[in-house]
Amino acid sequence: MSLIYTIFVPHPPLLIPEVGRGEERKCQASLDAYQEAARRIAQADVETVILVSPHAPLIKDGMTLAVDNLIQGSFAQFGAAQVSLSFVSDLVVMAQFQNLSGVVPIQGSIDHGAFVPLYFLQKAGWNGKVVLLGMPLERPEEYGERIGQLLEDLPGRYAIVASGDLSHRLKEDGPYGFDSAGPEFDQFVVKTLQRDLKKIADLSVELVEKAGECGYRSLRLALAAKEGAPEVLSYEGPFGVGYLVADLYHSSPLPQWARRCLTTYLEKGDPGLMDLPDMSAPEFAVRRGCFVTLKQGGHLRGCIGTTEPWQENLALEIQHNAIAAGTQDPRFRPVRTEELDNISFTVDVLGELEKIAGPEELDPWRYGVVVRQRGRSGLLLPHLEGVDTVSDQINIAKQKAGIPAGDPVELWRFEVKRHYE
C-alpha cells in the first residue's frame, strides 16, 4: 500500500519522563500531541518507519543510511541509561534505498533525533521495523520525492517520521540566546503549513541560519514525499526552542473508495454492481456534500461535487460524484480505464453551510464560500492556489454563478476536510 503516513516531530530528550523528571510537564501540549501522533501511526498498522534525523551523521551532498541490522541505543548520556530501545532494520527497504543516487551507507549507534520519536512510537504500541536516514543538507524536496516514489513501488505500509526542532533562539535564556529571526522563522513555518505549502522553501538562507533551527530540511523532505493536508497538532517554545508536532499526510479510505467507484463504472458500466464499504465506519455513514477531484500529472483532470447531500450517505455521495468527475465534467474528455493508474483522487467533505453577515467573516484558507442572488449561486472551495484574498474568493464565486462583480449577494461559508489517497 506504500506510504500511508507522514509526521513531523521534535526531539527534546526532556520529553522522556525518565529524563525530564517532571520538566516534561512544562511541554504538556507537545507531549500530548506527540502521543497522539504516535498513536495514529500505531493504529494505522504501519509496518516500517522511515525516520529522518538531523543528528545522524550528515554529508554535504546527499543522505546517509544506517545499514546496521539493529537500530539500538539508550539515553545514558542524558542520565537515563535504563531507557534503552532496539528495533529491527527493514533490510528489504534498506537495500532499495542504497540504490538511490546520493545515499551513503554508514554504521553507528542511534542518535537522540531518532531515539525520541522511536520511544513514543514504542509507548504507543508500535513495534515494526525501522530505516534510519540522515537529513539531507541540500535539495530536501528532491530526496523527498524520490523516497516517496520508491515507497510507492514497494509492497507494505510505510510511514515517514521527520525529526527536527524549529528555532533554538526564541528566548534570551534559551540554548543559543534570542534572535528576532527565531520567532519569525517559527511563525512562518507554522502559518505556511496551515496555508500555502508551496511557499515552505521561500525563506532566505540568512534568516534560516539566524533562526538556529535543525528540522527545516527534514520537514521539507517529508512534505515532498507525498501531498497531504497538514494538521498542526501543537506548537510551543517553553525553553527557547520551537517544538512542532504535525500530521503532514495520512491515507484516507474516502478517495480510495472514489477510485474504486470510477474504476468499476469504467470497467462494468453499472455502479450498482459494487458492494458498499463498511458502513459501520462513521466517515462513510454520515450525510455530507462532497467534491471528488481528479488530477493527472499535477493538473486538474475532473472535479464534480455537491454542496449539500443528495444521497442517503457519504459513500453513495462519493460514488455519484466520482463517476461524474471522471465522465461528466464538461471541461474534459471522459477518463479512460488505462489512465487511472496515473490519476490521483482527493475527496473534499463539506461541513454545514453557515450564513454570514459579510466578507469580514471569511478566510479563503479556512472557509469555502457560496454566493447567492435570486436563484443563482456559485461555490468556491477553500485553500485554492492563487486565491489569496476574500475579494478574489467572492469574485470568482460570483463569476461561476454568472453574477456581476458589483452586485450584492448573500454569503454563506463552510469548512472542508480534504482527504488524500
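Two exercises with worked solutions follow, on the overall form of a predicted protein model and on its cysteines.

The model is predicted, with local features needing pLDDT of at least 70 and side-chain atom pairs counting only at pLDDT 80 or more, while totals for chains, interfaces and linings use all residues. Residues are numbered from 1 along each chain as its sequence is written, and side-chain values use heavy atoms, leaving out hydrogens and water.

**Exercise 1.** Determine how the radius of gyration of the protein chain compares with the globule rule.

*Solution.* Begin with the secondary structure, in which the protein chain has twelve helices (DSSP runs of H or I, at least four residues) and 17 strands (runs of E, at least two). The radius of gyration, taken over C-alpha atoms, is then set against the globule rule, which is 2.2 Å times the number of residues to the power 0.38. The chain has a radius of 23 Å, close to the 22 Å that the rule gives for 421 residues, so it is as compact as a globular protein of that length. Finally, the C-alpha trace spans about 70 × 50 × 40 Å along its principal axes.

**Exercise 2.** Explain why C261 and C290 form no disulfide.

*Solution.* A disulfide is a pair of cysteine sulfur atoms within 2.5 Å, and a search of the whole structure finds zero of them. For C261, the closest cysteine sulfur is that of C290, 10 Å away and therefore too far for a bond. For C290, the closest cysteine sulfur lies in C303 at 9.8 Å, which is likewise too far. As to their surroundings, C261 is buried (under 20% relative accessible area, with a 1.4 Å probe and protein chains only) at 0% relative accessibility, and C290 also counts as buried at 0%.

Definitions and conventions
Buried < 20%, exposed > 50% of the residue type's maximum accessible area, 1.4 Å probe, protein only.
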